[in-house]
Amino acid sequence: MAEGVTGRQGDSARARFVAELAALRGRSGLTAHDISAWIHNRKHRKVAASTISDWLKPQPVIPRTDEKFVLVIECLHVAGSQQWTPAALERWKRWRAAAYTESRSGAQQTSEGDTGAAAAEPSGVSQDDDGGGPAAVVVGLVPQKPAHFVYRQQFRDLDQGLAHGRVAVVVTGMRGAGKTQLAAAYARQVLDHERGLVGWVNAETTDTLYTGLAEIADHLGVAAPDGDPVKSAHRLRDHFNNHPDRHLLILDNATDPDRLRVVLPTRGGTRVVITTTDQAMTRLADVTVDAGTGYTTDQAHTYLRAATGILDDPDGEQQLAEELGGLPLALAAAAAAINPPYGPALTYDAYLTRLHVQPLPRALRRRDGADHPQSVDQAITLSIRAAETSTGDRELDTVVAWLLGLFAVLSASGVKRALLTHPDPSLDELVDDAIDRCVQYSLLSWSTDNTALSTHRLTARVLRERAHDTDTEATLLTHALEVIEPRLFDSSEAWARRLEGAHLVDQIQSLHAADLPIGTHTSTQFLAALCWATAQLTRAADLARAITQARHTHTCHQQILGPDHPATLTTANDLAHAYESAGRVAEAIALFEQNLDDRIRVLGAGHPHTLMSRGNLATAYQSAGRLTEAIPLYEQTLADFERVFGPDHVRTLTTRNNLANAYQSARRVAAAISLFERNLIESERVLGADHPDTLISRNNLARTYQLAGRGEKAIPLHEQNLTKRIRVLGADHPDTLGSRNNLALAYESVRRIPEAILLHERNLTEYERVLGADHPDTLISRNNLAAAYRSVGRLDEAISLYEQALTEFERVLGVNHPNTLLSRNNLARAYEVAGRLTQAIPLFEQNLTDYERVLGADHPDTLISRNNLAAAYQSADRLEEAIPLFERNLTESERVLDADHPEIVHARGNLALAYQSAGRIAAAIPLYEQILIERKRMLGADHPGTMALRDFLAVMRIWVGTK
């Protein structure tokens, strides 16, 4: 954001020209000899220093022509870090011509505005794809067709309801009535006879709903690039709304209409089936298929004859069907016990006798509010007992009991077969036999792809309540943890294995929801699994779910270990980190502050965990722009780490890097460079020149050199990094492409634009080839090439790329995503530079509205957006609209940022520039006096920029009759 000054309306064109030129020179800090040398070296032209001096003195000679004068102006723009554009060139030509004419005739000219806007650059984005293919594919766990499946009228109703172009059909009915099997039968029909995709999602909870939808989005290539399941679900909805493909989405066991409403497609080709026991769900669709209480009498008879093999006892069929309410789940359990795969068959009378005397767990005897007959629970219990009846192989019997115990507490959405590994290798060979036995007794069912198994929720509840009555719940927990724990992978693989991780988190959360008693011998394993789930969700960017999980993890630690246990304090830190990762910085800071106080109280101020807690709080302060609080904490933490671990420990190096970054954010560039230089030396010595952390350290130092205007020192470091990454990783590795991008930006900073453009063009080609046209890094590369084109006046090419990038951001991320807003800002800025203000201003106005709605009125990005709109108004001579925005921006910046934050200086300079353009010089002078104080503090009293501003202020005071 630029600082500057203009004459007031009604002042002479000459005064306006003199003021603008003095302000521009003041920002550059260059002498006439500096400018002359720059023109000679860069433009291969000669302009005498004495001539330039005549043009720049307080009472200057007005240049007669533009030819050499514009070379001087270009030099001053570049030195002052301002864009040199065709619009700026034409503006200075007009000002010079008007001033020269007035010098000869004494005529007055109306003032014109200039802008100090700064364009923000975007980052982040992902792929899109239409999905489909030559045959139907499945995502999720569609149940296999059960034995003796009866095609009911409801199946035809479901088929016809979806065939008439309706988006959604709701299948209702009581538990065990066969809702899921109806939906699964339709899904299997689509898989067998159609193309497209079948997605099966457990919609019982918010977490399982969004995780399942995110998995489908990932398969179709429309998942959010940051992995956020909520964003992915919304992007999937939008994808379905805008594509005609006849996909099928099953939302099984849905429990909350409001939760579903925001993710359901309302048009497009995708069909949706919702199964639920909640009648309120029928409001989501025009068609409802009621599974009712299950089979009709005739259907029950048909099923029982096929499943039991008993063909000559219609009275027994009728009595059993009535006893079990015609529920398919209960009838399947009964049939499996009547006609067992192992052992003698039973008659209906014999089975009913056993059913009536079958005891139930205490909790299942209390029938208040039950939506199914008690006999259903008894039938399930009989089927469980039958499956557990001795096979004559004690080891197989052991594995059957172990397997059923797992399904009592693991996820109802299904368990991958690969997870079901018995901890005893000699028994693990019997797991498939045990699965077969449980499937044959209708207790478990396979998915259509034979990769996962599931049990009905009623069956799982019977198993849990039985364990409660027999005091074996602790055994269930132990066995489940023995299965889960070996599968928990390192956090460095969280993103790459995020789908596998989501499945494991499902199991851990189901285990937690089972509310089993935690014994001393299982508490460590159980709490470790909860911590792993928190870390996995956070690192996989499943942030809404991560916060919920982190709360559960912290609460469990408090209950089991106590509030002051070191592990409990660590989970509090993890919860704060989850908030910070989700952008909820205020909540994160409050937790980090409490956590630091607690660790100082419990562990002591010098404990390593306390030091890390202090560093985490400093990072959160820095994220919130509270640098005056962040920097002292970083300094204290670094001193402590050096004392406790030594100056070259990895944690010390990390802390030093963080402090240097904070110095850089505060524009304390010299201090940042000193730390980065030391860190690079230590990293090379301790870790080696090619270590990833060393490469990062080298990049940070180079970037800070660029910020300090020392491009000649930055470029060799970037070139060295690029060479090393090509050698170690290969020319087309993403990290190598990132190094090439950084080098190109460094070339731009020293005006080696042709070389920068060549690198950017090559990088964009490589990104498109390696990562795809829609990958986030590809969109960044496209944006950077556009910025390079813009910097050399190739505006048509730049605008074309910016327009393409904005289209991709809107399609892939949505119109409200922060990266989309940044992309829109860049396009608006390019329009502005090209003089196309009628196109630029509406984009800036739209962006400010969206920023205020999405991020809030005082977010740093909102401040930039408001500044850019104000600057565009100023360029269009709409000062009456620009000044209030600049004033508000300064007020907001002073309220939310530290008093010496660089953005406050920028906001103050932009307002002063606007005041000058409006002729309010007296209002501008105090602002520039404050800026002068800042320059003395930051640059020193003898710095050319400080002295130029001091001289400029003296001239301004003369104009308004002050001293």
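Student: How do α23 and helix α25 pack: at what angle, and how far apart are their axes?
Tutor: This is a predicted model. In it, α25 covers residues 566-581. α23 packs against α25 with an angle of about 20° and an axis separation of 10 Å.

Student: Are α23 and α25 roughly parallel or roughly antiparallel?
Tutor: Take the angle of about 20°. Angles under 35 degrees count as roughly parallel. Therefore α23 and α25 are roughly parallel.

Student: Is the crossing of α23 and α25 left-handed or right-handed?
Tutor: The two helices pack at about 20°. Their crossing is left-handed.

Student: Which residues in α25 meet α23?
Tutor: Start on the α23 side, with Cys-531, Thr-534 and Thr-538. By class, the whole contact has two nonpolar, five polar and one charged residues. On the α25 side stand Thr-571, Asp-574, His-577, Ala-578 and Ser-581.

Student: α21 also packs against α23. Are α21 and α23 oblique or roughly parallel to each other?
Tutor: α21 spans residues 473-484 and α23 spans 520-539. Their axes lie 10 Å apart, at an angle of about 45°. Under 35 degrees would count as roughly parallel, and 65 to 115 as roughly perpendicular. About 45° fits neither, so α21 and α23 are oblique.

Student: How many charged residues are in the contact of α21 with α23?
Tutor: α21 brings Leu-477, Thr-478 and Leu-481. α23 brings His-521, Thr-522, Gln-525, Phe-526 and Ala-529. By class that gives four nonpolar and four polar residues, and the charged count is no residues.

Student: Now the open sheet. Which strands are its edges?
Tutor: Three strands make the sheet, and their pairing is antiparallel. The order is β7-β9-β8. An edge strand pairs on one side only, and the edges are β7 (415-416) and β8 (445-446).

Student: Which residue in β9 stands opposite Lys-416?
Tutor: β7 pairs with β9, residues 452-454, in the antiparallel sense. Two bridges join this pair of strands. Across from Lys-416 in β9 stands Ala-452.

Student: Is the aromatic pair of Phe-17 and Phe-69 stacked or tilted?
Tutor: The ring centres are 5.6 Å apart and the planes are at 40°. Planes under 30 degrees apart count as stacked and over 60 as edge-to-face. At 40°, the pair of Phe-17 and Phe-69 is tilted.

Student: How many residues apart are Phe-17 and Phe-69?
Tutor: Phe-17 belongs to helix α1, residues 13-28. Phe-69 belongs to helix α4, residues 69-79. The pair links distant parts of the chain, and the separation is 52 residues.

Terms used
Residues numbered from 1 in each chain as written. Predicted model: local features only at pLDDT ≥ 70, side-chain atom pairs only at ≥ 80, totals over all residues. Heavy atoms only, no water. Axes fitted to C-alpha atoms, helices over the stretch in contact; angles between N-to-C directions. Helix = DSSP H or I, 4+ residues; strand = E, 2+ residues; numbered from the N terminus. Parallel < 35°, antiparallel > 145°, perpendicular 65-115°, else oblique. Contact = heavy atoms within 4.5 Å. Nonpolar A, V, L, I, M, F, W, Y, C, P; charged D, E, K, R; others polar. Pairing = 2+ DSSP bridges. Phe/Tyr/Trp six-rings, centres within 6.5 Å; stacked < 30°, edge-to-face > 60°. Left-handed = near helix turned anticlockwise from the far one by under 90°.
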